[in-house]
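Colleague: Could you pull up the model so that we can go through it together?

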Amino acid sequence: MALSLSEIFGSKETVALDIGSSSIKLVQMSMGKQGWQIQRIGMKELPPDAIVDGSIIDSLTVINTIKEILKEENIKTKYTVSALTGHYVIIKKVTFPAATEDELAESIQWEAEQYIPFPVTEVNLDFQILGVDSEGRGQMDVMLVAVKKDVISDYTSVLTEAGLTPVVVDVDAFALENMMEINYPVVSGEMIAVVNIGASITSLTVIVDGVTTFTRSIPMGGNQFTEEIQRELGVSFHEAESIKVGAKSSDKSAEIASAIDLVSNNLIMDVKRSLDFFLAGGHDLNVNKIYVSGGGSLIEGLNELMQEKTSIPVEPIDPFKNVDLAVKGMSGDEIKKLSTFFGVGVGLGIRRSGDR
Ligand SMILES: Nc1ncnc2c1ncn2[C@@H]1O[C@H](COP(=O)(O)OP(=O)(O)OP(=O)(O)O)[C@@H](O)[C@H]1O
Ligand SMILES: [Mg+2]
């Protein structure tokens, strides 16, 4: 499910850009004889004030960073696939009168109106029919996605000004679902949670039988760890960030541990609360596993603590599990080091215009 902006004619080659608040990730993938392949991959840091909580503040810096990474990776195509975070996206499971996909495509504007807190003319809409009318109620469950047009245009204008043609703007949760689909075979009756911990946003998705059934975006991520270290140690954000990722040593290990412990517990509590909220909605299944990705998940001990507090097994996602790493000038090991950061990127890399 994604918002297709235009169909690509002639060329099928696209470049995927995951524009995160701490860095831009680029990946170019193609379908080879053996399955999906990565041709190009790279990431480039953004200064902390360029994108704040998912909003582009300093568009010039973002545009220039995109241009730089395109040049570095020698990208020839202009067609780009990118994603918005759940933060600005309304994703709701709703009940509509039973209809076919084509019928609903015709009537979606009418049906969606009551579920969206602003005029439907101001949003781009997409939907996915979740279940057929098995009980003969004349109704069906639908996952409704709405994104405000002005938010989309903030993103697309940055891409356009960097010389690109945006063909698909996806939603990070659905990119993650697609990435999971090619790497982790769906087990019937299985319910999994995917938790992507970025710098400013943690997105949580519950996938049942391979279908996204619930999403929640938590306004917390790696930045909160950095800020807490900054506060405890009385250092700059930049210095706290270096200490956090282990690039700089500090003799205040007790203070650092307590800062990390505090934020870890808060974040895990929010994840747990969101899962409990979803489960309270009447699901007789249990969450079988929590898959984690995103740079924020590299915090030492975070996954173990999440497993302990939720009593659900926690496993880091490998977005390259079933992907051939055929990047010129980069070894497989070098690419694998990037795996935590490319959950969304791989999901976008395999997205083609016209896919649902
Ligand atoms: N080794 C590490 N240990 C702990 N944290 C790390 C490590 N490496 C990176 N991080 C943190 O990961 C975060 C960046 O992750 P990621 O690239 O997934 O976020 P993003 O996509 O830029 O942000 P968002 O999705 O929230 O907009 C930063 O907060 C960074 O400090
Ligand atoms: Mg991100």
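## Working through the model

Colleague: Which residues is S250 in contact with, if we leave aside its neighbours within four places in sequence?
Modeller: Outside that window of four places, S250 is in contact with L233, I243 and I256, where contact means that the C-beta atoms, placed from the backbone, lie within 7 Å. Please keep in mind that this is a predicted model, in which local features need pLDDT of at least 70 and side-chain atom pairs count only at pLDDT 80 or more, whereas totals for chains, interfaces and linings use all residues. Residues are numbered from 1 along each chain as its sequence is written, while chains are lettered from A and ligands numbered from 1 in the order in which they are written.

Colleague: And where does S250 sit, buried or exposed?
Modeller: S250 lies in the loop between α6 and α7, with helices (H or I, at least four residues) and strands (E, at least two) taken as DSSP runs numbered from the N terminus. S250 counts as partly exposed because it has 15 C-beta neighbours inside 10 Å; on this scale a residue is buried with 20 or more other C-beta atoms within 10 Å of its own, exposed with 12 or fewer, and partly exposed in between, the C-beta atoms being placed from the backbone. The C-alpha atoms of S250 and S107 are separated by 60 Å, and these two residues are 143 apart along the chain.

Colleague: What about α7 itself, how do its ends compare with the expected span?
Modeller: Helix α7 covers residues 253-280, and its 28 residues should span 40 Å at 1.5 Å a residue, so the 40 Å between its end C-alpha atoms agrees. The expected span here is 1.5 Å times one less than the number of residues. After α7 comes G282, whose phi is positive, near 90 degrees.

Colleague: Which elements do the buried residues of α7 pack against?
Modeller: They pack against β12 (191-197), β13 (202-208), β14 (211-218), α5 and α8 (302-310). The buried residues of α7 include A259, I260, V263, L267 and V271.

Colleague: Which residues touch the most other members in the largest nonpolar core?
Modeller: That core has 84 residues, and V27, V145, V171, A193, V194, V195 and I290 touch the most other members. α7 gives the most to this core, with 7 residues, and the core draws at least three residues from each of domain 1 (1-88 + 150-184 + 321-356) and domain 2 (186-317). A nonpolar core is a set of buried Ala, Val, Leu, Ile, Met, Phe, Trp, Tyr and Cys residues joined through C-beta atoms within 7 Å. As for V194, leaving aside its neighbours within four places in sequence, its contacts are L176, M180, T205, I207 and Y291.

Colleague: Switching to the domains, how far apart are the C-alpha centres of domain 1 and domain 2?
Modeller: Their C-alpha centres lie 23 Å apart, with bounds that come from an automatic or database domain assignment. Across the boundary, 20 residues of domain 1 are in contact with 22 residues of domain 2. On the domain 1 side, α4 (172-183) and α10 (343-349) each supply at least two residues, and the largest share, 7 residues, comes from α4.

Colleague: Which residues are closest to ligand 1?
Modeller: The closest are G20, S22, G198, G222 and G295, among 20 residues that surround ligand 1; a residue is near a molecule if its C-beta atom, placed from the backbone, lies within 6 Å of it. The elements that give two or more residues to this shell are α5 (222-233) and α6 (237-244). Both domain 1 and domain 2 contribute at least three residues each to the shell.

Colleague: How does that shell divide into nonpolar, polar and charged?
Modeller: The shell has 6 nonpolar, 12 polar and 2 charged residues, counting Ala, Val, Leu, Ile, Met, Phe, Trp, Tyr, Cys and Pro as nonpolar, Asp, Glu, Lys and Arg as charged, and the others, Gly among them, as polar.

Colleague: Where is F341, and what is it in contact with?
Modeller: F341 is in the loop between α9 (332-336) and α10, and F341 counts as buried because it has 22 C-beta neighbours inside 10 Å. Leaving aside neighbours within four places in sequence, F341 is in contact with K25, M43 and G295.

Colleague: Last one, which residue other than glycine has a positive phi near 55 degrees?
Modeller: That is S311, which is found in the loop between α8 and β16 (314-316). S311 is exposed, with 9 other C-beta atoms within 10 Å.

Definitions and conventions: Two residues are in contact if their C-beta atoms, placed from the backbone, lie within 7 Å.
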